[in-house]
Amino acid sequence: MSAKIIDGKAFAARIRGRVTEHVANLKAGHGITPGLAVVLVGEDPASQVYVRSKGRHTVEAGMNSYEHRLPADTSEAELLALLDRLNADPAVHGILVQLPLPDHMNESSVINAIRPEKDVDGFHILNVGRLATGQKAMVPCTPLGCLMMLRDLHGELSGREAVVIGRSNIVGKPMAQLLLGDSCTVTIAHSRTRDLPAVVRRADIVVAAVGRPQMVRGEWIRPGATVIDVGINRIPAPERGSGKTRLVGDVDFEGVAGVAGAITPVPGGVGPMTIACLLANTLTACCRIHGLAEPEGLTV
Ligand code: NDP
């Protein structure tokens with residue numbers, strides 16, 4: 001194995017530490033405590049785990065956490081009424097609606113009902129447009145975390161060939177926008193891309209956000225390239241006992257680590273950065289809403 005392993009867990013801890021420090025300064029200097037409201041509709045077990053973890057990290061960073069758990073049969077009108085209240089609440093600086101929503105709700109209508117300044121997921125159409133046009137935006141947490149790791153590793157990204165595999169609105173597209181914003185030459189690959197291995201082989205930076213376990217192979221990677229694995233996939237792990245599973249990314253870690261210059265592991269790579277960036281976004285939103293200086297390096 002030759003690649004440097006990018007320790008997302010340690011990096012995320014550093015980001016959370018900086019957020020905690022800034023939050024303490026905000027409290028001491030201005031009497032302001034950033035607040036994050038997380039709204040969960042229904043009882044999806046994975047979503048419940050995410051929401052619990054977000055609440056815990058928010059409190060650990062010294063911020064206020066407000067959890068709103070609504071039953072699965074909540075009407076869209078009731079959810080929109082709650083968002084109206086949170087939009088108007090001065091104690092709430094960030095609002096996150098945990099996705100997916102139940103089928104009877106229109107995801108876009110709900111997300112676009114969040115006040116853009118409080119949209120800490122960066123999914124509101126105004127934030128999408130701001131990011132795409134190079135204006136100050138709330139930036140989606142997962143791609144923001146990936147960019148932070150790349151900047152930390154390389155410093156300047158300008159001129160590098162980047163290939164993003166996946167074109168979802170929450171990861172692939174904003175990731176490509178961020179890399180373009182840092183003057184990379186960006187290719188977005190997807191399920192219709194012809195000869196994906198050849199496209200990936202061009203890249204100095206590969207970001208895999210596909211949702212297919214271990215799809216990206218060592219033979220696809222240019223020697224020395226940096227590989228960011230966003231994927232989180234659970235696969236059977238009979239070697240750990242019957243019925244056991246384990247998490248893997250979209251990248252064949254063993255194969256790729258032998259060729260790449262640097263790689264994020266799964267777990268312990270992008271995942272912890274996502275939550276750290278949610279806290280960073282809440283702090284950024286709070287500073288912007290109050291017209292205070294934003295902490296450096298916690299957003300783009
Ligand atoms: P989506 O399912 O929304 O998008 C997947 C993308 O991959 C699509 O654009 C799709 O192309 C493309 N794709 C699918 N199959 C292939 C293929 N064979 N070759 C090339 N491209 C392909 O997923 P998300 O973007 O939401 O998530 C991607 C992964 O990242 C998942 O594993 C998810 O769990 C993980 N994730 C991790 C996070 C973290 O915090 N670490 C946060 C968010 C997601 P097309 O558009 O043509 O269908």
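Visitor: Is Leu 82 buried or exposed?
Guide: Happy to start there, and do keep in mind that this is a predicted model. Leu 82 has a relative accessibility of 5%. Buried means under 20%, so Leu 82 counts as buried.

Visitor: Which residues is Leu 82 in contact with, leaving aside its neighbours within four places in sequence?
Guide: Leu 82 lies in helix α3. The C-alpha atom of His 68, 14 residues apart from Leu 82 along the chain, is separated from that of Leu 82 by 9.0 Å. With the neighbours within four places set aside, the contacts of Leu 82 are Val 39, His 68 and Leu 70.

Visitor: Within what arc do the buried residues of α3 fall, seen down its axis?
Guide: Helix α3 covers residues 76-88. Its buried residues are Glu 76, Leu 79, Leu 82, Leu 83, Leu 86 and Asn 87. They line one face of the helix, because seen down the axis they fall within an arc of 140°.

Visitor: What covers the buried residues of α3?
Guide: Let's take the two sides in turn. The face turned away from the buried side carries the exposed residues Ala 77, Asp 84, Arg 85 and Ala 88. What covers the buried residues includes β2, β3, β4 and α4.

Visitor: Which residues of α2 and α10 make the contact between these helices?
Guide: Helices α2 and α10 pack at an angle of about 55°, with their axes 10 Å apart. That angle makes α2 oblique to α10, and the crossing is right-handed. The contact is made by Ser 53, Lys 54, His 57 and Thr 58 of α2 and by Ile 275, Leu 278 and Leu 279 of α10.

Key: Residues numbered from 1 in each chain as written. Predicted model: local features only at pLDDT ≥ 70, side-chain atom pairs only at ≥ 80, totals over all residues. Heavy atoms only, no water. Helix = DSSP H or I, 4+ residues; strand = E, 2+ residues; numbered from the N terminus. Expected span 1.5 Å × (residues − 1). Buried < 20%, exposed > 50% of the residue type's maximum accessible area, 1.4 Å probe, protein only. Arc of directions from axis to C-beta. Contact = heavy atoms within 4.5 Å. Axes fitted to C-alpha atoms, helices over the stretch in contact; angles between N-to-C directions. Parallel < 35°, antiparallel > 145°, perpendicular 65-115°, else oblique. Left-handed = near helix turned anticlockwise from the far one by under 90°.
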